[in-house]
Amino acid sequence: MPTETNFFQYCPNCSSKNFTYDNNFKLHCKDCDFVLYHNIAAAVAVVFTFEDSILFTVRKVAPDAGKLDLPGGFIDPNETAEEAACREIKEELGLAITLTDLRYITTAPNHYVYKNVAYRTMDIFYGCALERADVSITAEDEIQQLVWIKRSEIDLDAIGFVSVRKVIASLVLGC
Ligand SMILES: [Zn+2]
């Protein structure tokens, strides 16, 4: 497991090793004065509900492969959060939802380590009530399974990301 401070070995501008990288956030080279902000990335997640159940994905890939997650993903440049949610849902589940189907819930920060790079994200959560439970996977490279779980039967420890766990706990347990 990489630490959050060691994934840069050299200054990207001058290859010096004489730099600081405090709090996984600001790289500052002491030799050439190059500065790089590793800013928070924005992501979206959708809480689909049907009757008393919530739809989870089972992740197929790192990080947190095998753990429960929600459909969603990173927001692309020049996209709104709602557009990203609709795009990701179309890509992952083949569902055509529109902006008016989404109900804003909350935001929560997350840690996301991918190929030794530690990203800090701000996850934006939307709710979407479905009228039918028959949903299928279209992104089979990312998702190994879809599961509807009754609110009373959700095991929070089976959820991978801390942001998702926090929001689901809040929705289900009111905490
Ligand atoms: Zn430098």
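In this predicted model, Leu27 stands opposite Leu36 of strand β3. The strand that pairs with β3 here is β2, which spans residues 26-29, and the two are joined in the antiparallel sense over 3 bridges. Both strands belong to an open sheet of 3 strands, ordered β1-β2-β3, in which the pairing is antiparallel. Strands β1 (19-22) and β3 (35-37) hold the edge positions with a single partner strand each, so one side of each has no neighbour in the sheet. From one strand to the next, the twist averages 10 degrees.

Around this sheet, a nonpolar patch is found on the surface, made up of Phe25, Val35 and Tyr37, with about 260 Å² of accessible area together. Phe25 sits in the loop between β1 and β2. With a relative accessible area of 36%, Phe25 is partly exposed. The cysteines are worth a look as well. Cys11 counts as buried, at 3% relative accessibility, while Cys14 is partly exposed at 33%. A search of the whole structure gives 0 disulfides.

Stepping back to the whole chain, the protein contains 2 helices and 10 strands. Their order along the sequence follows the pattern β-β-β-β-β-β-β-α-β-β-β-α. Taken along the principal axes, the C-alpha atoms fill a box of roughly 60 × 35 × 30 Å. Of the 175 residues in the protein, 41% are buried.

Strand β4 (residues 41-50) offers a good route into the next part of the fold. In this strand, 7 of the 10 residues are buried, so β4 is largely enclosed by the rest of the structure. Several strands pair with β4. Strand β9 runs parallel to β4 and is joined to it by 9 bridges, with Ala45 standing opposite Phe125 of β9. Strand β7 (residues 72-74) pairs with β4 in the antiparallel sense over 3 bridges, and in this pairing Gly73 is the bridge partner of Val44. Strand β5 (residues 53-59) is also antiparallel to β4, over 2 bridges; here Thr49 has Ile54 as its bridge partner. The connection from β4 to β5 is a hairpin with 2 residues between the strands, and Glu51 in the turn has a positive phi of about 50 degrees.

Strand β9 (residues 117-129) has a further partner in β8 (residues 103-114): the two run antiparallel and are joined by 11 bridges. Within this pair, Tyr112 is placed opposite Tyr119 of β9. The hairpin of β8 and β9 has 2 residues between the strands, and Lys115 takes a positive phi near 50 degrees there.

Charged side chains add another layer to the picture, with a count of 7 salt bridges. One of them joins the side chains of Arg151 and Asp52, at 3.8 Å from N to O. This pair links distant parts of the chain, 99 residues apart: Arg151 lies in the loop between β10 (143-150) and α2 (162-173), and Asp52 in the loop between β4 and β5. Both members of the pair are partly exposed, with relative accessibilities of 29% for Arg151 and 38% for Asp52.

Further salt bridges are centred on the side chain of Arg87. Arg87 meets Glu88 in a salt bridge at 3.2 Å, N to O, and also forms one with Glu91, where the closest N and O atoms are 3.2 Å apart. Arg87 and Glu91 both lie in helix α1 (residues 81-93), separated by 4 residues, about one turn of the helix. Through salt bridges that share partners, Asp76, Glu79, Arg87, Glu88 and Glu91 are joined into one network. Burial within this network varies: Glu88 counts as buried at 8% relative accessibility, whereas Glu91 is partly exposed, with a relative accessible area of 40%.

How values were computed:
Residues numbered from 1 in each chain as written. Predicted model: local features only at pLDDT ≥ 70, side-chain atom pairs only at ≥ 80, totals over all residues. Heavy atoms only, no water. Pairing = 2+ DSSP bridges. Axes fitted to C-alpha atoms, helices over the stretch in contact; angles between N-to-C directions. Disulfide = S-S within 2.5 Å. Buried < 20%, exposed > 50% of the residue type's maximum accessible area, 1.4 Å probe, protein only. Patch = residues over 30% accessible without salt bridge, like charges linked within 9 Å, V, L, I, M, F, W, Y side chains within 5 Å. Areas by Shrake-Rupley, 256 points an atom, 1.4 Å probe, with all protein chains shown as cover. Salt bridge = Lys/Arg side-chain N within 4 Å of Asp/Glu carboxyl O.
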